[in-house]
Amino acid sequence: MNNLSERIRPALRWETGLAVVVVLILIIGSAASPQFLTGNNLFNLGLSNGEIAIMTLPMTLIIISGEIDLSVASILGMSSALLGYLWAKGWPMPAIFVFVAVVGIAAGAVNGLLVTRLRLPSLAVTIGTLALYRGIATIVLGPNTVSSFPAAYTNLGIDAVPFTGNDMTWSTLIFIVLAIIFGVVLHATPLGRSIYAMGASAEAAQFAGIRVKRIKTGLFMASGFICALAGVLWTFRLSTAVQNNGLGLELSVVAIVLLAGVSIFGGKGSIAGVVLAVLAFAGIQNALLLTNFNQEATGIVTGALLLASVFLPAVGRLRRRRRRLTHP
Amino acid sequence: MSAATQTTGSEQQAGRARDAGLAERVFRIRESGILVVLVLFVAVTTAVRPRFLDASNIQFVLVDTATFALLALGQTMVVIARHVDLSVGSVVGLSAYLSASLFKDHPGISIPVVFLAGLGIGLACGIANGMMVAVGRVPSLVVTLATLYIIRGIDILIVGGNEVDASSLPDSFINISKDTVAGIPVLAIAVAVVIAIGAYYLRTYRSGRDLYAIGSNPDAARLAGLKVGRRVFTAFAVSGAIAGVAGVLWSSQYPTINSTAGTGYELQVVSAVVVGGVAIFGGSGTATGAALGALLLTTINSALYVLGISSFWDQAIWGFLLLVAIALDQTITERLTSALRSRKPRSTRPGATRPGLTSPQSSTGSSTGTRHE
Amino acid sequence: MALRRAKKLALAFPVAATVALAACSSSASSSSSSAAPAASSAAASASGSAAGASASSSAGGGATAGLKTGLKVFVIPKNLGNSYFTTADSANSGGAIAALTALGETGTETSGTSATPASQIPAIQAAISKGANALIVSATDPTALCPTLQSAMKRGITVVTYDSDAPTCRTLFINQASTAQIGTSEVDVLAKQIGDTGQVAIVSAAASATNQNAWITYMKQELKKYPKMQLVSTVYGNDDPTTATQVTQGLLQQYPNLKGVISPTTVGIAAAAGVLDSAKYRGKIALTGLGTPDEMKKYVADGTVKEFELWNPADLGYLAGYAAVELASGKITASAGQNFTAGKLGSFTVGADNTVLLGPPYVFDSTNIAKFNF
């Protein structure tokens, strides 16, 4: 019990700060532009950030467990390329979905096995698979693009979910559902507690009987599957399969997860924080875009928030340590 | 008592020296391993297409490798200390544009001044990184990811929609990346010299070797009295300065500069460093190895073109090679570690501690530190 | 008794009214008889032009009768940081925003930095959110932008493409020059320089760019006229100077007998020229394509490039600005034969496929390049 509150308390402190930041963004955004809080704008927000948001969820669990997965954007790209390639070859769409899902899981499994069985550092491994999977996407599609997808499918990428009043994209809905699932798993199941334990100390977790290798491999496979799903959504949203779909997104995904207060060393973090961080990230980009600020220069704000996410807790720790020293 | 201690002491010292020798030998082997792969690769490609070794091809490869290897040197220093510098791509971009616009806005400015300016810009960024990581004691992955974004954002703000094109740059500057001496590009020679200096420094100077200790076990290093903060700060500052100079070279090689220069380059640099045998968790690897890694990757790139294999295979091969290199390094490290552990000096008293060796005890697998068997 | 008086009043009233009206109308017709020609001519002109607003309603527009003012127009190039688009769009160079400002509209340039649909779409969406009345877009992809552009059109926003088309989701396309003419002339220029013989390659921009692929199709067709010329490869520089340099170097490594390179992208030709700018290649490998004079001056001066083509991007943007406003004001429709005047550029007619052509490509070489500054 003590452990739980020890873990949750610092996280909660950061989450509260993050919630304040999100509220600030909402206020500043709507002051800067009357269109900020409109349904249509939120819909567009969901469209542009849905896939990234979805990918942050398994990444959170992976980072909490003490690893990292930089190949997420490449798995997205690879699934997009396969989707286009197979469709152009005339495969039926349901078969393509199954194939792409299997490939995504396999890609994640490769990551997981390299990390757990060969005991290779996940940072280096996933930099390698980042190149490998993007390379496979390039080999599969070459310079070609496939855009002949039928409207029934591309609408999944661009239409609003029925019965929600035209404001919710399918990707947003999927994100909400997945966030609930991942949140429950992480915070309310033994599996979730094991993930925290692994992140805090892999050896101790191993000795405690937790199947570290199996769980980590499972997390990588889940990540692979989810990134494949994101790849399908991305392709339908742009109605184009091309090898550079999603290029460079992995750093955004990691940035959002770190922004959420998830510690890069593992063992700390929460899904609530990730949801808030997604809102903050998307909100900043959108608010600045609506006020004519250069889209990519929004990186400065993202970077500053990222720094705050590590410095503020560090300052807090320092203060607590000093307090503990002077008031034993 | 004292006699026994003395014998144990000198035997321990001898044991230490033997083990250090073994570690040195293994890492020489690892470096030569890359060299062997490189030579084999070149040999096979040349056998199929003799023009691979044409002067012009060699020049292409060497010039492309030069900037790459330079950045790999800076990154090596940081990675050996168990850190990472993801901001190098953005620093290169900022430095490239600012130095190019110096030429544009101040025609006739001397080239060394521009190099100094680039170095200064990079140094400033490196100092910022170093301060945050060393003084703030926060994870370098997060810090440099943040500065990657911030520096790129500053670059975009400064550049806006502009660009500097080749006609604004003096010919003598652009020729830096084209001039050759006896068929070898001047740039490659200069970078090779810098890397040799860097490698020598890392091997010989205490501040260099300290980086290995810090990378192997930061807490132990701190307890042993090493100035961890200062060393890490210096490593980041140097990495930044190198990236600044690399940015100036970039604008010589690619004389049309806009706000996208250097985007995404950081992961390629880390790949070269890992292929070159530098363990991502620090404590081992050499600058020479990293430079060879950069050379190997560029050579493969070129070989694909020459062999007429679609360049679309390039990235997949790159990724595969990276995985092989990581797996190989891991195996070597584990074998070496167990070989060293199994060598017990004859008269070890139970409980006598063997002084820790600085090289091969890098952590394996998870990011949470060394595993004790 | 009261009823009879009321009936009398009731009768009297219309009589009096009719008399009054008759008197008024006679006086009116007398006064308006002199004004009648004006009234009738006003009526005639109102029925003649689609929007009958008089000249005084267009503030500062001078002689641009009939155009709306105060429109919010967003110019969305493929990417920012590309000097070709900066020239096409900005006010200083006399591009799109200059035209829009002259017409009394508000013009804003916005886009991403990587010339991909994923980078361009958020900018389009933001423009819609900000209340755009018209969008002027250079499409990074022929279909990826369609959902967003179509939703814009559904809201009554005028969508015009320029430079690179998205054929199924815009009303009008402002083309710099005939697509066929660009493709064929590039090949002809190169053929002349290499004596109709040898291996040639194309350094393009992004693989999905509509205009690139359209021109390349015509290039391949034209190459059939030169049986001794062989297209060995098409490589993609993605509108990024570094990538374009690297793929050009790759070409040189893969094809040692390469004789000529066509790069129909300003970023590509500048990068290729940088690579070929050495004693080894100058004169041995011919380079042509579409380039901006500023980027090419150095290479024309030292002989790396003899001739290249372009048009004035500022004129293209200017024309696009006018066309968008004409369309948004309802003065023209997108059907063939519609006429309009684009300020200093003169008059234009909408052609087939809802396209407006700027004019023929312009050939730059050492004799004329010094005259230009873009």
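**Exercise 1. The sheet of chain C**

Determine which strands form the open sheet of chain C and in what order they lie.

*Solution.* Step 1. In this predicted model, the open sheet of chain C consists of four strands, arranged in the order β7-β6-β8-β9. Their pairing is parallel.

Step 2. The edges are held by β7 (229-236) and β9 (286-289) of chain C. Each of these has a single partner strand, so one side of each remains without a neighbour in the sheet.

Step 3. On average, neighbouring strands of this sheet are turned by 20° against each other, direction ignored.

Step 4. Consider one pair in detail. Strand β6 (residues 198-204) of chain C joins β7(C) through seven bridges in the parallel sense. Opposite V200(C) stands L231(C), a residue of β7(C).

Step 5. Add the helix. Helix α9 (residues 266-276) of chain C packs on the sheet and touches β6, β8 (258-263) and β9 of chain C. The direction of α9(C) makes about 165° with that of β9(C).

**Exercise 2. The contact between chains C and B**

Describe the side of chain C that touches chain B.

*Solution.* Step 1. Count the residues: 24 of chain C are in contact with 24 of chain B.

Step 2. Identify the elements. Two or more residues each are given by α2 (83-89), α8 (241-254), α9 and α10 (293-301) of chain C. The largest share, seven residues, comes from α8(C).

Step 3. Classify the residues on this side of chain C: five are nonpolar, 13 polar and six charged.

**Exercise 3. A residue of chain B**

Decide whether R343(B) is buried or exposed.

*Solution.* Step 1. Locate the residue: R343(B) lies in the segment after α13 (314-342) of chain B.

Step 2. Apply the cut-off. A residue is exposed if 12 or fewer other C-beta atoms lie within 10 Å of its own. R343(B) has 12 such atoms within 10 Å, and therefore it is exposed.

Step 3. Compare positions. R343(B) and M132(B) are separated by 211 residues in sequence and by 41 Å in space, C-alpha to C-alpha.

**Exercise 4. The fold of chain A**

State how many helices and strands chain A contains, and assess how compact the chain is.

*Solution.* Step 1. Chain A has 13 helices and zero strands.

Step 2. Its radius of gyration is 20 Å, close to the 20 Å that the globule rule gives for 328 residues, so chain A is as compact as a globular protein of that length.

Step 3. Along its principal axes, the C-alpha trace of chain A spans about 70 × 55 × 35 Å.

Step 4. Of the 328 residues of chain A, 60% count as buried.

Note on methods:
Residues numbered from 1 in each chain as written. Chains lettered and ligands numbered in written order. Predicted model: local features only at pLDDT ≥ 70, side-chain atom pairs only at ≥ 80, totals over all residues. Pairing = 2+ DSSP bridges. Axes fitted to C-alpha atoms, helices over the stretch in contact; angles between N-to-C directions. Contact = placed C-beta atoms within 7 Å. Nonpolar A, V, L, I, M, F, W, Y, C, P; charged D, E, K, R; others polar. Buried ≥ 20, exposed ≤ 12 C-beta atoms within 10 Å, placed from the backbone. Rg over C-alpha atoms; globule rule 2.2 N^0.38 Å.
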